[in-house]
Amino acid sequence: MKRDATITGLERLRNSRDGNPQFLVTIDGGATYRTKANTSDAYKLCSYYIGRRVTLEMTRFKSGWQIVGIGD
């Protein structure tokens, strides 16, 4: 599923087992989604994206929706 949204907050989470970064992303409306473990797009996330409109590509897992891709 793809969703256009404005990122309003980023919280750095613990690295994955393989040492890659993970984030909790808050979007307009207050919804939060985590980045999927070991996805390369997690390396893109930084304070630059706060307040920016992006396209989030998300997939539903047993644990809920997770971000698997981020487009400008």
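1. Let's start with Asp28, which is partly exposed, with a relative accessible area of 33%. Keep in mind that this is a predicted model. The side chain of Asp28 meets that of Arg53 in a salt bridge, 3.5 Å from N to O. Asp28 sits in the loop between strand 2 and strand 3, while Arg53 belongs to strand 4 (residues 53–61), so the pair ties together parts that are 25 residues apart in sequence. As background, side chains of opposite charge can pair when their charged atoms come close. If you go looking for others, the count for the structure comes to 1 salt bridge.

2. Next, the overall fold. Here 5 strands close into a barrel, and their order is 1-2-3-5-4. The pairing in this barrel is mixed. From one strand to the next, the twist averages 55°. The points below go through some of these pairings.

3. Strand 2 (22–27) and strand 3 (residues 32–35) are a good place to begin. They run antiparallel and are joined by 3 bridges. Together they form a hairpin with 4 residues between them. In the turn you'll find Gly29, with a positive phi of about 95°. For a concrete pair to click on, try Val25, whose bridge partner in strand 3 is Tyr33.

4. Strand 3 deserves a look on its own, since its side chains alternate. Which of them are buried? Tyr33 and Thr35 are; they point to one face, whereas Thr32 and Arg34 point to the other and are not buried.

5. Now follow strand 3 across to strand 5 (residues 64–71): these two pair in the parallel sense, over 2 bridges. Thr35, one of the buried side chains of strand 3, stands opposite Ile67 in strand 5. Strand 5 also pairs with strand 4, here in the antiparallel sense and over 7 bridges. Glu57 is worth finding in that pairing, as it stands opposite Gly69 in strand 5.

6. Thr6 is a handy residue for seeing how parts of the chain come together. Its place is in strand 1, and at 19% relative accessibility it counts as buried, because the cut-off is under 20%. Leaving out residues up to four places away in sequence, Thr6 touches Thr26, Ile27, Asp28, Gly51, Arg52 and Arg53. Both partners of the salt bridge, Asp28 and Arg53, are in that list. Thr6 and Leu56 are 50 residues apart in sequence, and their C-alpha atoms are 9.7 Å apart in space.

7. What about the loop between strand 1 (2–13) and strand 2? Ser16 is found there. Is Ser16 buried or exposed? With 12% relative accessibility, Ser16 counts as buried. Setting aside residues up to four places away in sequence, Ser16 touches Gln22, Ala37 and Asn38.

8. Last, the aromatics. The structure holds 1 aromatic pair. How do the rings of Tyr48 and Tyr49 sit relative to each other? Their centres are 5.3 Å apart and their planes are at 85°, so the pair is edge-to-face. As for accessibility, Tyr48 counts as partly exposed at 47%, whereas Tyr49 counts as buried at 7%.

Key. Residues numbered from 1 in each chain as written. Predicted model: local features only at pLDDT ≥ 70, side-chain atom pairs only at ≥ 80, totals over all residues. Heavy atoms only, no water. Buried < 20%, exposed > 50% of the residue type's maximum accessible area, 1.4 Å probe, protein only. Contact = heavy atoms within 4.5 Å. Phe/Tyr/Trp six-rings, centres within 6.5 Å; stacked < 30°, edge-to-face > 60°. Pairing = 2+ DSSP bridges. Salt bridge = Lys/Arg side-chain N within 4 Å of Asp/Glu carboxyl O. Axes fitted to C-alpha atoms, helices over the stretch in contact; angles between N-to-C directions.
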